[in-house]
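Here's a quick tour of the empty spaces, two helix pairs and a few loop residues. Have a look at the model first.

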Amino acid sequence: MSAPGARADGGALRTAQVVIVGAGPAGLSAALSAASLGAQVVLIDRESRPGGQLIKQTHMFFGSRAQYAGTRGIDIARILYDQVLGAAGVEFLLDATVLGRYSDSVVTVEQADRCLKLKPERLIIATGASEKVLPFPNNDLPGIYGAGAVQTLMNVHGVRPGRRVLMVGAGNIGLIVSYQLLQAGVDVVGIVEAAPTIGGYLVHAAKIRRSGVPILTSHTIKEAYGKAALEGAVVWRLDERWQPIPGTERDISADVVCVAVGLSPLAELLFQAGCEMRYVAELGGHVPVRDDDLQTTVPGIYVAGDCSGIEEASSAMVEGTLAGASAAASLALGGRQTAAVQERARRELYELRCGPAGQKTRDGLCRLAG
């Protein structure tokens with residue numbers, strides 16, 4: 001195995017059995033799965049530290065033991081990374097950005113000011129997601145962050161983003177980050193949620209409410225204000241048609257507004273590679289059409305994780321396992337063991353998507369298939 005961040009030789013075209021773009025939970029799981037079944041893998045990530053969003057998640061996971069229930073995200077990142085480091089046949093390209101995948105199947109990568117060219121037999125795209133933004137007056141003031149940026153400041157760099165935080169969004173991310181802010185000694189002055197009900201798990205909301213933080217449903221931010229930096233924000237109530245109600249404005253003093261209004265699949269590489277894409281709101285935006293093996297409409301290109309539809313990291317890891325095994329199966333690697341890994345992964349995905357919490361994903365997958 002190459003040392004993490006090792007530079008590949010530039011110039012000549014290199015071949016590879018499986019190239020994976022993205023070393024988050026899906027990409028790491030895909031690398032481990034494919035390599036364990038005998039594939040030679042090149043795992044590419046633009047960051048210097050593998051793990052994706054896991055490296056900033058200090059909360060414990062739900063699910064089953066197979067998806068590391070009761071383990072913190074930061075620890076899961078270490079576990080997966082160590083497992084991939086111990087696997088034979090995996091090469092890391094870190095601090096490397098994939099520029100494109102072209103019709104001749106060549107993947108171009110920029111690393112250390114050099115352009116590398118790889119021609120994989122199979123390509124797994126696990127690029128994750130980006131945060132959605134929220135338009136409102138003065139949303140470019142210093143002190144207005146996405147939830148991922150706040151997590152990076154606190155949980156990666158140990159820096160508090162401010163003293164008084166207004167959270168926008170009561171989904172799981174908004175609730176979890178609010179609690180992490182409280183644990184860091186930051187005053188969370190309130191959470192506003194445009195929907196009439198809380199979108200995240202009630203266990204997270206209960207912890208917030210026990211801490212005395214008000215959660216204002218059917219509310220949104222009207223505007224932010226401040227001179228050199230954020231000084232506060234005005235929120236107001238929404239009616240049943242999601243329209244603001246004049247006269248319900250409330251001024252909240254804060255030096256941070258944290259926006260947690262959802263994620264969008266990072267699908268640029270899939271579009272560029274020519275995969276058939278469809279807009280499915282339940283899955284977060286434009287996602288690729290794929291089969292039960294997670295192969296897209298471009299033969300040899302597979303997808304896993306949030307770029308295939310926004311779900312929890314547990315689902316991303318299982319999708320990565322399935323995509324890695326499917327790529328290995330298409331290369332006639334692993335024999336019966338490969339089929340067993342695929343079947344187990346499909347069963348785990350089914351179980352993760354059962355129940356009320358998985359209804360949105362199930363609806364989205366039905367729309368995608370239709």
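## The cavity

How many cavities of 30 Å³ or more are there? The count comes to one. A cavity here is a set of points on a 1 Å grid, over the protein atoms alone, where a 1.4 Å probe fits but cannot get out. Grid points are joined across faces, edges and corners, and a volume is the space filled by probe spheres set on the points. On that basis, the largest cavity holds about 30 Å³ of space.

Its lining is made up of E131, I173, V259, A260, V261, G262 and L263, where lining means having an atom within 4 Å of a point. By class that's five nonpolar, one polar and one charged. For the classes, Ala, Val, Leu, Ile, Met, Phe, Trp, Tyr, Cys and Pro count as nonpolar, Asp, Glu, Lys and Arg as charged, and the others, Gly among them, as polar.

## Ground rules

This is a predicted model, so to speak of local features takes pLDDT of at least 70 and side-chain atom pairs count only at pLDDT 80 or more, while totals for chains, interfaces and linings use all residues. Residues are numbered from 1 along each chain as its sequence is written, and side-chain values use heavy atoms, with hydrogens and water left out.

## The second largest pocket

A pocket is an open set of points with protein on both sides within 12 Å along at least five of seven lines. The second largest one has about 510 Å³ of space. It is lined by 17 residues, and D291, D292, L294, R353 and L365 are the closest to its centre.

Three helices give two or more residues to this lining: α7 (313-330), α8 (336-352) and α9 (359-369). Helices (H or I, at least four residues) and strands (E, at least two) are DSSP runs, numbered from the N terminus. The largest share, five residues, comes from α9. As for chemistry, the lining splits into 10 nonpolar, no polar and seven charged residues.

## Two helix pairs

α7 turns up again in a pair with α1 (residues 25-36): the two pack at an angle of about 35 degrees, with axes 7 Å apart. Axes are lines fitted to C-alpha atoms, for helices over the stretch in contact, and angles run from 0 to 180 degrees between N-to-C directions. The crossing is right-handed, that is, the near helix is turned clockwise from the far one by less than a right angle (anticlockwise for left-handed). P25, A26, S29, A30, S33 and A34 of α1 meet A313, A316, M317, G320, T321, G324 and A325 of α7, with contact meaning heavy atoms within 4.5 Å. Eight of these residues are nonpolar, five polar and none charged.

In the other pair, the axes of α4 (residues 172-183) and α5 (residues 202-210) come within 9 Å and cross at roughly 35 degrees. This crossing is left-handed. N172, L175, I176, S178, Y179 and L182 of α4 make the contact with H204, A205, K207 and I208 of α5. It has six nonpolar, three polar and one charged residues.

## Loop residues

T296 sits in the loop between β18 (285-288) and β19 (301-303). Is T296 buried or exposed? It's buried, at a relative accessible area of 7%, where buried is under 20%, exposed over 50% and partly exposed in between (1.4 Å probe, protein chains only).

S105, in the loop between β4 (96-101) and β5 (107-111), has a positive phi of about 75 degrees without being a glycine. S105 is partly exposed, at 23%.
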